[in-house]
Amino acid sequence: MDARRIVELDIQNFIRKALHIGVLINPRLSGEFFKDRQRISSKYTRFADEEDYLENYYKKYEEGEYLAAFIDGAFLQINYEFSIKGKNSSFLEKMNLCYLPPVIEGKITNEYVRVDYSNTDDNSFFHPYAHIHIGFRNTIRIPVDEVMLFSEFVKMILYHFYPTQFVELFGESIRTTNTKDTTHLGKLTKEKILTNELTKYYHLKITVD
């Protein structure tokens, strides 16, 4: 496996498609962007809290500290780090994918979202190798069962915050109608409350054990 190559191609192909449709704007892909074999990274910023974000949002945006942006002023930051095993062999060691929400009239719209993965020994049952943060307080880590490509992360963001753009990009391949499955019973309901199609994408799993 060459994880490094997979990530690079995914970023290039998805940004090309998203730019063509107008979902993303202002990509920061210089000629040197993919030069480092061990890392693919935009400028990556850690914000201490919501106040820190409000104070620094415009500066980070104006200085181009992102990979690509949305028309509403939201932007995306990424960081992938790799362990290189050979010319055509590499594995992911670290991943940070961030959605920085727009600030309109001094207020944050949408939510800050970050997905992290780190292959280090200090992870634990309560700090999973891969997890998602929602909001600037970062007091909850929701475990995720897989790392994400850039395209998959943007797909998740579009699903939650930009339904029109989600349909523009994926409407031909994804049925975006009701989420209720009337052909099956739920645990306590007359119908199963989530269609099989949506379970392939983004939902919180409720354990029944």
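Trainee: What do S3 and S4 form together, and how many residues lie between them?

Mentor: They make a hairpin, with two residues between the strands. Before we go on: this is a predicted model, so local features need pLDDT of at least 70 and side-chain atom pairs count only at pLDDT 80 or more, while totals for chains, interfaces and linings use all residues. Residues are numbered from 1 along each chain as its sequence is written, and side-chain values use heavy atoms, with hydrogens and water left out.

Trainee: How do you know that S3 and S4 pair?

Mentor: Pairing calls for at least two DSSP bridges between the strands. S3 (residues 75–86) and S4 (residues 89–100) have 11 bridges in the antiparallel sense, so they count as paired. One facing couple is Tyr 80 and Met 95 in S4.

Trainee: And what makes S2 and S3 a pair?

Mentor: S2 (residues 68–69) is joined to S3 by two bridges, running antiparallel; the rule asks for at least two, so that qualifies. Ala 68 faces Leu 76 in S3. Their hairpin has five residues between the strands, and Gly 73 there takes a positive phi near 100 degrees.

Trainee: Why is S2 called a strand, when it covers residues 68–69?

Mentor: Because a strand is a DSSP run of E with at least two residues, whereas a helix is a run of H or I with at least four; both are numbered from the N terminus.

Trainee: Why is Lys 60 called buried?

Mentor: Its relative accessible area is 16%. Buried means under 20%, exposed over 50%, and partly exposed in between (1.4 Å probe, protein chains only), so Lys 60 makes the cut. Lys 60 sits in H2 (residues 50–62). Beyond neighbours within four places in sequence, Lys 60 contacts Thr 45, Phe 47, Glu 65, Tyr 66 and Phe 75, where contact means heavy atoms within 4.5 Å.

Trainee: How do you know that the span of H1 agrees with expectation?

Mentor: The expected span is 1.5 Å times one less than the number of residues. For the 19 residues of H1 (residues 3–21) that gives 27 Å, and the end C-alpha atoms are 27 Å apart, so the two agree.

Trainee: What puts the buried residues of H1 on the same side?

Mentor: The buried set includes Val 7, Ile 11, Phe 14 and Ala 18. The set as a whole covers an arc of only 160 degrees around the axis, which puts it on the same side of H1; the arc is that of the directions from the helix axis to the C-beta atoms. The face turned away carries the exposed Arg 16 and His 20.
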